[in-house]
Amino acid sequence: MAHPLVFDRYLAPAPAGQAFARRVHHPWMDRRPVPLADPDGRYAALLRADGDPRLAYVHVPFCANHCLFCGFYRNRTDDAAMRRYVDHLVREIAADAARPGVSARPVSAVFLGGGTPSALSAEDLHRVLAALRDHLPLAPDCEVTVEGRVAGFDADKIDACLDAGANRFSIGIQSFDTRLRRRMGRKAAREEAEAFLSALAARGRAAVICDLIYGLPGQTDAIWRDDVATCDRLGLDGVDLYCLSLQPGSPLALSIEKGALPPAGDEPCNLGRYRDGCDTLAAAGWTRLSQAHWGRTPRERNRYNRLTKRGADCLAFGAGAGGMLGGHRFMNDGDVAAYEARVALGEKPIAAMLAPAARHAARGAVMDALERGSLDFAELDAAVEPGFAAALAPLFAEWRRRGLAEAGAAALALTAEGRYWYNTLAAALFELIDAYLDGAVPPAMPPHGGARPRHPGAHPPASHPGDSHARHP
Ligand code: SF4
């Protein structure tokens, strides 16, 4: 039964020049932890469930150095430790693949992320990718992405990835400006980064993607425009435009507080950069594939990122890797030694599992629509309940008044500003779905004010599917 909706909290005034007081970063993060009674049994049951093709995420929690903006640094690279880690990773993949239910559903996309996967040796990169290919039911057109950074990703490693089936590289760039890069902990200078990406794209054997961050301390409009224009000039297949997330207490936040670095971009600055980047790419013929992601060639499918946002099932391997099964988010033990010990015992090293969010599929449909930038009213009604889109008319009118959307007869199209605030819009819709279907009262903290639950770096928790995989080593 539909319940009446109250919109007061969504109509609260915002600071001048911006649509909301704060941005929500993880609208999915409202789930109850499931007590870890028999997690292995629960995991086994979830694996046996029918459904669509799955995804697979592999986590490599090693980095050559701790980038200033990043809160996901875990372990320093160490050749012996990484080799031992890959031994366990391969063992975990093989053990999972033998469980009932795994072979029944194809894997349509694989993402090797971190940390810094490209820090592994060529041999270990090949071993991990070969294990995925040998043990998991990869679809014939499976998207296989390897994340990397410029420094240390040599030709032997790239060949090893390609020979083992990688068909997409996602390279962490953040900015091409050498001074800015060095300040953030990036070793390679502009010339090296450009040469690396050009050479990788020129091989023509894989889609080449890079990510850029706006809002970095000391970044000017001119630097940002040059960064976006450089992606276009280098002939890449895709690019992500991410907003810096500055977490209180992070090394970057502390450096800014101490005055060692200039302030990060504020919301008006960041919105301007996002809009500018979108305009530049659109004018150059790029296609917007999601809120933050753009493709230039058909080779860029963005499949893994798109499906994780929908809450698709995702297998997960490695210390700290996060997966999703039937709406249950789970995470492996993040401590490498503990992870290896459990894998050696033949256990699936799950450390935590969260109950599915209410109406997981409806939320996934909403996120997918917002990622695409268009809320189709019929799709919204189909995902929630007939009449829901019409009941949201006051909210949609307010979004239009704030410049977040433009109305059509059958859909609401988000403007660039709406896409910039899309997680905040999603959080509001999630609450209103529950209010409409259950009469649930939204939580006390309004979505437009209060503390900012931001995570450091432009990327989401490094090992959670569904968080856009703006992970960039
Ligand atoms: S940005 Fe990437 S390479 Fe840098 S510390 Fe974070 S995970 Fe490691």
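Helices α12 and α17 turn out to be roughly antiparallel to each other, a label kept for angles over 145 degrees, with those under 35 degrees counting as roughly parallel, 65 to 115 as roughly perpendicular and the rest as oblique. Their axes come within 10 Å and cross at roughly 150°. Here α12 covers residues 360-372 and α17 covers residues 422-438. Helices (H or I, at least four residues) and strands (E, at least two) are DSSP runs, numbered from the N terminus. Axes are lines fitted to C-alpha atoms, for helices over the stretch in contact, and angles run from 0 to 180 degrees between N-to-C directions.

Everything here comes from a predicted model, in which local features need pLDDT of at least 70 and side-chain atom pairs count only at pLDDT 80 or more, while totals for chains, interfaces and linings use all residues. Residues are numbered from 1 along each chain as its sequence is written.

Back to the helix pair: α12 passes α17 in a right-handed crossing, meaning that the near helix is turned clockwise from the far one by less than a right angle, whereas an anticlockwise turn makes a crossing left-handed. On the α12 side, A362, R363, V366, M367 and L370 do the meeting, and on the α17 side it is Y422, L425, A426, L429, F430 and I433. Contact is taken as C-beta atoms, placed from the backbone, lying within 7 Å. Sorted by class, this contact has 10 nonpolar residues, no polar ones and one charged. Ala, Val, Leu, Ile, Met, Phe, Trp, Tyr, Cys and Pro count as nonpolar, Asp, Glu, Lys and Arg as charged, and the others, Gly among them, as polar.

A second helix pair is formed by α7 (residues 221-233) and α9 (residues 267-283), which pack at an angle of about 30° with their axes 10 Å apart. The two are therefore roughly parallel to each other, and their crossing is right-handed. In α7, W224, R225, V228 and A229 meet R273, D276, G277, T280 and L281 of α9. This contact has four nonpolar, two polar and three charged residues.

Helix α12 shows up again beside a sheet. Three strands make an open sheet in the order β15-β17-β16, with antiparallel pairing. At its edges stand β15 (374-376) and β16 (405-407), each with a single partner strand, so one side of each is left without a neighbour in the sheet. Neighbouring strands of this sheet are turned by 20° against each other on average, direction ignored. Strands pair if DSSP finds at least two bridges between them, and β16 and β17 (residues 411-414) have three, in the antiparallel sense. One of the partnerships joins A407 to L412 in β17. Two helices pack on the sheet. Helix α12 touches β15 and β17, and its direction makes about 135° with that of β15. Helix α15 (residues 393-401) touches β16 and β17, with a direction at about 120° to that of β16.

A389 sits in helix α14 (residues 388-391). A389 is buried, with 22 other C-beta atoms within 10 Å; a residue is buried at 20 or more such atoms, exposed at 12 or fewer, and partly exposed in between, with C-beta atoms placed from the backbone. Leaving aside neighbours within four places in sequence, A389 is in contact with F377, L380 and D381. The C-alpha atoms of A389 and A413 are 14 Å apart, with the two positions 24 residues apart along the chain.

Elsewhere, strand β5 (residues 138-149) is mostly covered, as nine of its 12 residues are buried. Strand β4 (residues 107-114) pairs with β5 in the parallel sense over five bridges, and A109 has E143 in β5 as its bridge partner.

A few spots have unusual backbone geometry. Most residues other than glycine have a negative phi, and most peptide bonds are trans. The peptide bond from G114 to G115, though, is cis, with omega near 25°, and G115 is placed in the loop between β4 and α3 (122-135). Q174, which is not a glycine, has a positive phi of about 70°. Q174 belongs to strand β6 (residues 168-174) and is buried, with 28 other C-beta atoms within 10 Å. N302 also has a positive phi, near 60°. N302 lies in the loop between β10 (293-295) and α10 (303-309), and counts as buried with 24 C-beta neighbours inside 10 Å.
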